[in-house]
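Trainee: I would like a close look at a single part of this model. Please start from the whole chain and then work inwards.

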Amino acid sequence: WTMEEEAKQRAAFAAVDAHVRDGMVLGIGSGSTIVFAVERLARRVKEEGLKVWCIPTSFQATQLILQHALPLVTLDTHPIIDLAIDGADEIDTHLNLIKGGGGCQTQEKIVASNARTFIIIGDFRKEAQQLGQNWRKGVPVEVSAQCH
């Protein structure tokens with residue numbers, strides 16, 4: 001494992017351990033750090049008998065939820081989300097962030113806006129004095145044909 005992988009895993013495990021409780025509806029974000037969060041969530045479900053319901057923000061999140069045999073639900077059946085967990089592309093010292101570089105921006109925003117609590121998992125690689133310092137791909141913009 002690299003130092004980066006270990007940092008992502010530690011951040012993801014800490015977020016799940018600190019915030020996920022029995023009976024929660026969870027928004028599951030996208031990205032490499034979320035892989036570790038879902039891994040930890042599945043372990044806690046198995047070991048502690050937690051009951052949770054998961055709403056994905058992307059195809060990747062859907063696959064992770066199914067691979068770990070977690071209950072997959074939708075906003076249609078569970079319109080209020082207790083906790084949404086996602087990652088960021090970059091986070092500045094004022095906790096402003098760039099999100100959406102992975103291409104699931106609209107669904108991530110919909111899930112986050114329906115969540116009572118929204119947390120971002122980030123490790124040292126995402127830290128910047130100002131936005132754009134490390135993330136050089138520009139500010140992500142997603143255009144939706146349904147929103148004209």
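What percentage of the 148 residues in the protein chain is made up of buried residues? After that, please take helix α3 and tell me which of its residues are buried and what covers them.

Mentor: Keep in mind that this is a predicted model. Buried residues make up 45% of the 148 residues in the protein chain. A residue counts as buried when its relative accessible area is under 20%, and as exposed when that value is over 50%.

The overall fold comes before the helix. The protein chain has 4 helices and 6 strands, and their order along the sequence is α-β-α-β-α-β-β-β-α-β. Its radius of gyration is 15 Å, close to the 15 Å from the globule rule for 148 residues, so the protein chain is as compact as a globular protein of that length. Contacts within the protein chain also reach far along the sequence: counting those between residues at least 6 apart, 75% join residues at least 24 apart. As for the outside, the protein chain exposes about 8,400 Å², and carbon and sulfur atoms supply 54% of that area.

Now the part you asked about. In α3, the buried residues are Ala61, Thr62, Leu64 and Ile65. They are on the same side of α3, because they cover an arc of only 165° around the axis. The face turned away from that buried side carries the exposed residues Phe59 and Gln67. Three elements are included in what covers the buried residues of α3: the strand β1 (25–28), the helix α2 (32–48) and the strand β2 (53–56).

The loop that comes next is also worth a look. Alanine 69 lies in the loop between α3 (59–67) and β3 (81–87). Its phi is near 55°, which is a positive value in a residue other than glycine. Is alanine 69 buried or exposed? Its relative accessibility is 68%, so alanine 69 counts as exposed.

Leucine 95 can be read in the same steps. Leucine 95 is found in the loop between β4 (90–91) and β5 (97–98). The phi of leucine 95 is near 65°, again a positive value in a residue other than glycine. Because its relative accessibility is 65%, leucine 95 counts as exposed.

Notes:
Residues are numbered from 1 along each chain as its sequence is written. This is a predicted model: local features need pLDDT of at least 70, side-chain atom pairs count only at pLDDT 80 or more; totals for chains, interfaces and linings use all residues. Side-chain values use heavy atoms; hydrogens and water are left out. Helices (H or I, at least four residues) and strands (E, at least two) are DSSP runs, numbered from the N terminus. The radius of gyration is taken over C-alpha atoms; the globule rule is 2.2 Å times the number of residues to the power 0.38. Buried means under 20% relative accessible area, exposed over 50%, partly exposed in between (1.4 Å probe, protein chains only). Contact means heavy atoms within 4.5 Å. Accessible areas come from the Shrake-Rupley method with a 1.4 Å probe; for residues, only the protein chains shown count as cover. The arc is that of the directions from the helix axis to the C-beta atoms.
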